[in-house]
Amino acid sequence: MTQSSRDRTPAGDGPVVSPRDTETAERLLSLGRLTVEGRLVQASNATLYCSIEWEGLTAACVYKPVAGERPLWDFPDGTLAEREVAAYAVSETMGLRVVPPTVHRDGPYGPGMVQLWVEPDPEVDLVALSRSEDEAIRRMAVFDAVVNNADRKIGHLLPVSDGHVYGCDHGVCFSAEYKLRTVLWQWRGQRLTAEAVEALRRVDKALRNGPLRENLLRLLTAEEVEATVRRVELMLKHKIHPFPPEDWPAIPWPPM
């Protein structure tokens, strides 16, 4: 189930935190009081819609407890929440900010991922957007190639009114094997933009030495971190969008 497919519950009466104010959002998500308002019942894993409040600030958020994760045949059990946090860290380092603020913390049902809710613009046709050559979508395609996203569905795109596009559901990312599965293949084999190359250079440097590498090694296996380094190296070497894998379904099912 996508974030936009449930009836919203008010997050509170205080000032609402913007996803662009990442520093404040991270503090709120890490320190705030979580109140479960409902469950996204069609999600494959336990996905809870919550309100969160801290020092007068309020927001809506998604809470995915590790205890509610269903086992997957191709990803280690109990690791999806950490992969979501790793995806946010990479997005921020690249300067793309395509993942809403996301933290790993304890909650009413144990530790899990907590992510700021982003309400998409209801006027945007998601199918048309996913098939377009919009630069915001192209940034998402570059990001997905770096994190090796195995499940970029149309419903995981969250366009907002100013034209920016966020994405959600990054639990099945960072496999050491090439498993890119996405609806955003329209740039396959095309030259990367100058913006994309600069974003790749930033994350390449951070993956080799610095806080990002240390952070990812706490969230992923060393093999998965090194595979991420290799993917970035290849993209910088060839400076093109990757092609679909030949031994893995290229498009998620269902694509929506």
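**View 1. A network of salt bridges links Lys64, Glu84 and Asp169.** In this predicted model, the three residues Lys64, Glu84 and Asp169 are joined to one another through a network of salt bridges. The structure as a whole holds 15 salt bridges, and several of these are taken up in the views that follow.

**View 2. Arginine 97 and glutamate 92 meet through their side chains.** The two side chains form a salt bridge in which the N to O distance is 3.2 Å. Arginine 97 has a relative accessibility of 36%, and it counts as partly exposed because this value falls between the 20% limit for buried residues and the 50% limit for exposed ones.

**View 3. Glutamate 135 and arginine 138 form a salt bridge within helix H4.** The closest N and O atoms of glutamate 135 and arginine 138 are 4.0 Å apart. Both residues belong to helix H4, where a spacing of three residues, about one turn of the helix, separates them. The two partners fall into separate accessibility classes: glutamate 135, with a relative accessible area of 35%, is partly exposed, whereas arginine 138, at 11%, is buried because its value is under 20%.

**View 4. The surroundings of arginine 138, a buried residue of helix H4.** Helix H4 spans residues 135-147 and includes arginine 138, whose relative accessible area is 11%. Leaving aside residues up to four places away in sequence, arginine 138 touches Trp187, Gln190, Arg191, Leu192, Thr193 and His241. Among these contacts is arginine 191, and the backbone oxygen of arginine 191 lies 2.6 Å from a polar atom of the arginine 138 side chain. The side chain of arginine 138 therefore has a polar contact with the backbone of arginine 191, as the distance of 2.6 Å is within the limit of 3.5 Å, and arginine 138 also takes part in the salt bridge with glutamate 135.

**View 5. Arginine 139 and glutamate 195 are joined by a salt bridge.** The side chains of arginine 139 and glutamate 195 meet with an N to O distance of 2.9 Å. This pair links distant parts of the chain, since arginine 139 lies in helix H4 and glutamate 195 in helix H5 (residues 194-208), with their positions 56 residues apart in the numbering. Arginine 139 is partly exposed at a relative accessible area of 26%, and glutamate 195 is likewise partly exposed, with a value of 38%.

Definitions and conventions: Residues numbered from 1 in each chain as written. Predicted model: local features only at pLDDT ≥ 70, side-chain atom pairs only at ≥ 80, totals over all residues. Heavy atoms only, no water. Helix = DSSP H or I, 4+ residues; strand = E, 2+ residues; numbered from the N terminus. Buried < 20%, exposed > 50% of the residue type's maximum accessible area, 1.4 Å probe, protein only. Polar contact = N/O pair within 3.5 Å; in protein donor to acceptor, adjacent residues only side chain to side chain. Contact = heavy atoms within 4.5 Å.
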